[in-house]
Amino acid sequence: MAQMRRQSLVKFDAPLCETIIETPKPQGSEVLVRIERCGLCHSDLHIQDGYADLGNGKRLDTTRGMTLPFTLGHEIAGVVDDVGPDAPKDLIGARRAVFPWIGCGKCRDCLNGDENLCIRNRFLGVSIDGGFATHVLVPDAKYLLEYDPVPVDMAATLMCSGITAYGALKRLVDRPRQRNLLLIGLGGVGMMGLALAQAMFKQPVSVADLSASARETALKNGAAVAYDPTEADVVKRILKETEGGFDEVVDFAGNEKSMAFATSVVGRGGKIVVSGLMGGNFNLPMVQWIYKRMTVEGFMTGTLEEARELMALARAGKIKPTPMQEEPMTDVQKWIDELRAGHVVGRIMLCN
Ligand SMILES: [Zn+2]
Ligand SMILES: [Zn+2]
């Protein structure tokens with residue numbers, strides 16, 4: 001029997017370690033994918049921790065229903081190795097990106113196409129075994145997306161950082177009186193957001209990040225202005241330069257400081273979409289919220305339909321490549337540590 005290797009979570013809040021099992025045989029409509037690439041995402045770190053930070057010393061337990069060893073990783077692209085009896089045989093050998101935000105298929109949200117909202121979800125690398133491995137079992141062939149001629153690294157990152165950035169930006173498209181757009185937090189998702197925003201919006205795209213190297217990379221990749229949120233009087237300067245603030249803001253960091261910054265630079269009638277999950281708590285004076293008539297919307301992942309729209313944009317050459325770095329899959333823990341330490345610009349792509 002063939003064997004597969006996984007970089008497994010064997011204990012929460014502890015380094016991953018390699019486990020070896022028999023490669024599963026796909027049943028029913030399942031598909032077995034041999035993994036070529038899996039991107040490393042910030043949310044992998046939260047799952048490894050076993051909790052999310054709710055602020056004020058409170059934590060949300062994220063270990064519920066997870067059995068160890070568990071395989072993290074949800075930005076997957078690979079080659080179809082085997083298919084179950086109810087899946088199309090001619091898929092074997094096809095190179096595909098894997099949509100990971102898979103629902104139960106039966107509930108109201110799933111039937112509406114909002115599988116990403118499903119409470120009994122089967123998210124790859126989050127609820128069921130994912131991509132830090134040689135193989136992954138996908139529940140149905142419909143979750144595989146053709147990506148040619150998009151490079152494999154980009155195809156994989158589109159499945160999380162891509163779809164998250166795309167979905168967040170989509171919630172700002174077609175709003176009235178759009179003059180400008182600000183993206184806060186330039187990690188993997190933020191950099192992808194910068195690439196997508198240039199394809200989705202006519203307005204110049206400004207960015208803000210604590211890291212000087214991230215700001216420099218963003219300017220090289222098409223950002224009009226890059227702000228350092230810690231600069232003295234930066235809010236005053238922004239309100240002046242933008243004549244009243246930004247109409248659209250995406251917070252890709254999602255912590256107390258980034259949201260405080262977002263709410264202070266959003267203009268009257270503006271909207272903030274928050275998709276970062278760094279955690280913590282944030283306070284907003286009611287008066288400021290209402291005086292500014294601001295809208296704040298939370299957003300996470302995306303639907304299969306949005307993944308298809310995004311892939312179509314990429315295949316049409318409308319998305320500029322984002323910074324990526326290929327590293328061996330077996331070094332995943334080392335890169336988790338680097339990402340935690342804030343030493344990573346762009347996306348780490350783990351390769352088999
Ligand atoms: Zn992710
Ligand atoms: Zn469901």
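## Close-up views of a predicted model

**Figure 1. Strands S17 and S18 lie parallel, joined by five bridges.** In this predicted model, strand S17 covers residues 324-328 and strand S18 covers residues 347-351. To find your way into the pairing, start at Glu327, whose bridge partner in S18 is Leu350. Helix H10, residues 332-340, belongs to the picture too: together with S17 and S18, H10 makes a β-α-β unit, and that unit is right-handed.

**Figure 2. The whole chain, for orientation, contains ten helices and 18 strands.** With a radius of gyration of 20 Å, close to the 20 Å that the globule rule gives for 352 residues, the chain is as compact as a globular protein of that length. The C-alpha trace spans about 65 × 45 × 40 Å along its principal axes. How much of the chain is buried? Buried residues account for 46% of the 352 residues. Contacts can be sorted by how far they reach in sequence: of those between residues at least 6 apart, 69% join residues at least 24 apart.

**Figure 3. Domain 1 and domain 2 meet through 20 residues of domain 1 and 19 residues of domain 2.** Domain 1 is made of two stretches, 3-161 and 302-351, while domain 2 takes in residues 172-298. Taken over C-alpha atoms, the centres of the two domains are 28 Å apart. Now turn to the side of domain 1 that touches domain 2. Which elements give two or more residues to this side? They are helix H1 (42-49), strand S4 (51-55) and helix H3 (152-170). S4 provides the largest share, with four residues. By residue class, this side of domain 1 holds seven nonpolar, nine polar and four charged residues.

**Figure 4. Three strands form an open sheet in the order S2-S1-S6.** The pairing in this sheet is antiparallel. The edges are strand S2 (17-22) and strand S6 (70-71), each of which pairs on one side only. Looking at one of these pairings in detail, strand S1 (residues 3-9) is joined to S6 by two bridges, and the two strands run antiparallel. Leu9 is a handy landmark here, with Phe70 as its bridge partner in S6.

**Figure 5. Two cis peptide bonds precede prolines, at Leu68 to Pro69 and at Asp148 to Pro149.** For the bond from Leu68 to Pro69, omega is near -5 degrees. Pro69 sits in the loop that connects strand S5 (58-61) with S6, so this view can be read alongside the sheet of the previous figure, where S6 is an edge strand. For the bond from Asp148 to Pro149, omega is near 5 degrees. Where does Pro149 lie? Pro149 is in the loop between strand S10 (144-145) and H3; H3 is also one of the elements on the side of domain 1 that touches domain 2.

**Figure 6. Asp13 has a positive phi although it is not a glycine, and so has Glu243.** The phi of Asp13 is about 60 degrees. Asp13 belongs to the loop between S1 and S2. Is Asp13 buried or exposed? With 10 other C-beta atoms within 10 Å, Asp13 is exposed, because a residue counts as exposed at 12 or fewer. For Glu243, phi is about 55 degrees. Its loop runs between helix H6 (234-241) and strand S14 (246-251). Glu243 is exposed as well, having 9 other C-beta atoms within 10 Å.

**Figure 7. Gly187 is a buried glycine in the loop between strand S11 and helix H4.** Strand S11 spans 181-184 and helix H4 spans 188-200. Gly187 has 24 C-beta neighbours inside 10 Å, and it counts as buried because the cut-off is 20 or more. Which residues are in contact with Gly187, leaving aside its neighbours within four places in sequence? They are His42 and Phe252. Another useful reference point is Asp209: its C-alpha atom is separated from that of Gly187 by 9.0 Å, and the two residues are 22 apart along the chain.

Note on methods:
Residues numbered from 1 in each chain as written. Chains lettered and ligands numbered in written order. Predicted model: local features only at pLDDT ≥ 70, side-chain atom pairs only at ≥ 80, totals over all residues. Pairing = 2+ DSSP bridges. Right-handed = clockwise from strand over helix to strand, strands pointing away. Rg over C-alpha atoms; globule rule 2.2 N^0.38 Å. Contact = placed C-beta atoms within 7 Å. Domains from an automatic or database assignment. Nonpolar A, V, L, I, M, F, W, Y, C, P; charged D, E, K, R; others polar.
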